[in-house]
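Please open the model in your viewer and keep the sequence panel beside it. The tour below moves from the whole chain to a few chosen residues.

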Amino acid sequence: MRIIRAILLAAVFTIAPACVATKVVTVPVGLAVDAVGELKGESVKVFDVAELTTIADHMVICTGRTNRHVKRLGETVVQHAKAQGLAPRVEGLDQAEWVLIDLNGVVVHIMQPVTRAYYQIEKLWDVDLATTGANSSPT
């Protein structure tokens, strides 16, 4: 886990904001991982989806134990993002069943366990998992 976290912290990509085409902002992919790790977010997964979609370069998916935990995890990600000069867009923070945070290139999903198990969004972004599931045939 420490090795993966170190790699994520070292990974940096650039985003050109739509309002200022000449200004380039660098954002570490590990910002969201650090934020959810700070409050013990569970089952954190990071997907590089740059080749699969144009909506984001990375997806971070994690679980919070309760609606209060999910809400606090979301608030912490937003605080960390604002401290880095980003303007995150947030959905679902009031209900705190599934919080979605758009960090302009990184989309963070924070869910309660039942919601994560029901929607299984990892299958959308994990090509190996989707391929294995599609190719497996009943015997």
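A residue is called buried under 20% relative accessible area, exposed over 50%, and partly exposed in between. By that rule tyrosine 119, at 45% relative accessibility, counts as partly exposed in this predicted model.

Begin with the whole chain coloured by secondary structure: there are six helices and seven strands, which follow one another along the sequence as α-β-β-α-β-β-α-β-β-β-α-α-α. Of the 139 residues, 37% count as buried, and the accessible surface comes to about 8600 Å², with 55% of that surface belonging to carbon and sulfur atoms.

Next, select glycine 41, in the loop between helix H2 (30–38) and strand S3 (42–48). Glycine 41 counts as buried because its relative accessibility is 19%. Leaving aside residues up to four places away in sequence, show the residues that glycine 41 touches, namely Val36, Thr63, His69 and Leu73. Then add arginine 65, which lies 24 residues from glycine 41 along the chain, with 8.1 Å between the two C-alpha atoms.

Finally, turn to the aromatic rings, where the count comes to two pairs. In one pair, tryptophan 98 and tyrosine 119 have ring centres 5.1 Å apart and planes at 50°, so the pair is tilted. This pair links distant parts of the chain, since tryptophan 98 belongs to strand S6 (residues 98–102) and tyrosine 119 to helix H4 (residues 113–119), 21 residues apart. Add tyrosine 118, whose ring centre is 4.9 Å from that of tyrosine 119 with the planes at 90°, so this pair is edge-to-face. Tyrosine 118 is exposed, at 65% relative accessible area, whereas tryptophan 98 is partly exposed, at 27%. Selected together, Trp98, Tyr118 and Tyr119 form a cluster linked by ring pairs.

Terms used:
Residues numbered from 1 in each chain as written. Predicted model: local features only at pLDDT ≥ 70, side-chain atom pairs only at ≥ 80, totals over all residues. Heavy atoms only, no water. Helix = DSSP H or I, 4+ residues; strand = E, 2+ residues; numbered from the N terminus. Buried < 20%, exposed > 50% of the residue type's maximum accessible area, 1.4 Å probe, protein only. Areas by Shrake-Rupley, 256 points an atom, 1.4 Å probe, with all protein chains shown as cover. Contact = heavy atoms within 4.5 Å. Phe/Tyr/Trp six-rings, centres within 6.5 Å; stacked < 30°, edge-to-face > 60°.
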